[in-house]
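Me: Please take a close look at the salt bridges in this model. I would also like to see what is said about the main pocket and about a few residues elsewhere.

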Amino acid sequence: MTKSRKTVKQIRDLLKQVSSTEDPLFLSLKADDRRGVQQALQSTRRRLKRQEAAQAAFRKRFAYEKALWSHGNQYVAGMDEVGRGPLAGPVVTCAVILNPDFDLVAVTDSKQLTRHERESLYLKIVNEAVEVSIAVNDRQTIDQLNIYAATQQAMLRSVAHLHHRPSHLIVDAVPLKTPIPQTTLIKGDQKSISVAAASIVAKEYRDHLMRDYDRLYPEYGFAQNMGYGTAQHLKALQQYGATPIHRRSFAPVKKYLK
């Protein structure tokens, strides 16, 4: 009695585990003339190609860290901020130190990720990183110092609170006054894996804060706009005035102070 062939559905399920087009299963299915099987092979090829591209991009984003590690810098801290542009809420900064074996391929610029992806990666980064340090400057500090200075101050606190003193910093766009050597990158969250990790942690932390503020001030839509000047937000400002978390020094807010 001949052994029955696997169904197309069974083959699709098996192909999900294949990690190379040289896999014996993948090669053996090339001779299967069923249309569904050939479609499953094409789908697997596309998946593997995407994974290969993601791995290559991941290795590229590790270039700065690897170069610094090779020159004896054991602890390299990537730094980023979230919240310089909004009309309301704090600015949040983060410093992240990673190990050379850090393997979260999906870590990239937080703006390119969905909320679900960021939430999942946030927990994994905190779990896998050597250390994560977060600092927050509220709207009062922002109004007192200006947003740029408040961001720099929070970044320096992020570094100061690290238990592992970094020998080098990779900073996204904001140069810092510190004796620690630093590399400042434009769009650093797209070029450095540790800066990308910091951007995800900072954004998730700030987003959670803004969702908490949304429960206090539901009219402004903070859970959706995160304090940025959307049409709904500006309309609420006009109707209800500024809340305690609105930045008085930001031009649109000044018109609606009561």
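Reply: What follows takes the salt bridges, then the pocket, then two single residues.

The model is predicted, with local features requiring pLDDT of at least 70 and side-chain atom pairs pLDDT 80 or more, while totals for chains, interfaces and linings use all residues. Residues are numbered from 1 along each chain as its sequence is written, and side-chain values use heavy atoms, without hydrogens and water.

There are eleven salt bridges in the structure, a salt bridge being a side-chain nitrogen of Lys or Arg within 4 Å of a carboxyl oxygen of Asp or Glu. Three of them are described here. Helices (H or I, at least four residues) and strands (E, at least two) are DSSP runs, numbered from the N terminus.

One salt bridge pairs E204 with R118, with 3.4 Å between the closest N and O atoms. E204 belongs to helix α8 and R118 to helix α5 (residues 115-128), so this pair ties together parts that are 86 residues apart in sequence. E204 and R118 are both buried, where buried means under 20% relative accessible area, exposed over 50%, and partly exposed in between (1.4 Å probe, protein chains only).

A second salt bridge, at 3.3 Å from N to O, joins K203 and D207. Both residues are in helix α8, four residues apart, about one turn of the helix. K203 counts as buried because its relative accessibility is 18%, and D207 is buried at 3%. Through shared salt-bridge partners, R118, K203, E204 and D207 form one network.

The third is between D13 and K9, also at 3.3 Å, N to O. Their four-residue spacing in helix α1 (residues 8-15) puts about one helical turn between D13 and K9. D13 is partly exposed, at 33% relative accessibility, and K9 is exposed, at 55%.

Next comes the pocket. On a 1 Å grid over the protein atoms alone, a pocket is an open set of points where a 1.4 Å probe fits, with protein on both sides within 12 Å along at least five of seven lines, and lining residues have an atom within 4 Å of a point. The largest pocket has a volume of about 270 Å³, a volume being the space filled by probe spheres set on the points. Its lining has 15 residues, with D80, E81, K111, D172 and D189 nearest the centre. Two elements, β1 (76-82) and α8 (193-216), each give two or more residues to that lining, and β1 supplies the largest share, three residues. By class, the lining holds eight charged residues (Asp, Glu, Lys, Arg), three nonpolar ones (Ala, Val, Leu, Ile, Met, Phe, Trp, Tyr, Cys, Pro) and four polar ones (the others, Gly among them).

The two single residues remain. T151, in helix α7 (residues 147-160), is buried because its relative accessibility is 0%. The side chain of T151 reaches the backbone oxygen of I147 at 2.7 Å. Leaving aside residues up to four places away in sequence, T151 touches E81, R84, V91, T93 and V174, contact meaning heavy atoms within 4.5 Å. G72 sits in the loop between α4 (63-70) and β1 and is exposed, at 61% relative accessible area. From G72 to A160 the C-alpha distance is 21 Å, with 88 residues separating them in sequence.

Definitions and conventions: A polar contact is a pair of N or O atoms within 3.5 Å; within protein, one must be able to donate a hydrogen and the other to accept it, and residues adjacent in sequence count only if both atoms are side-chain atoms.
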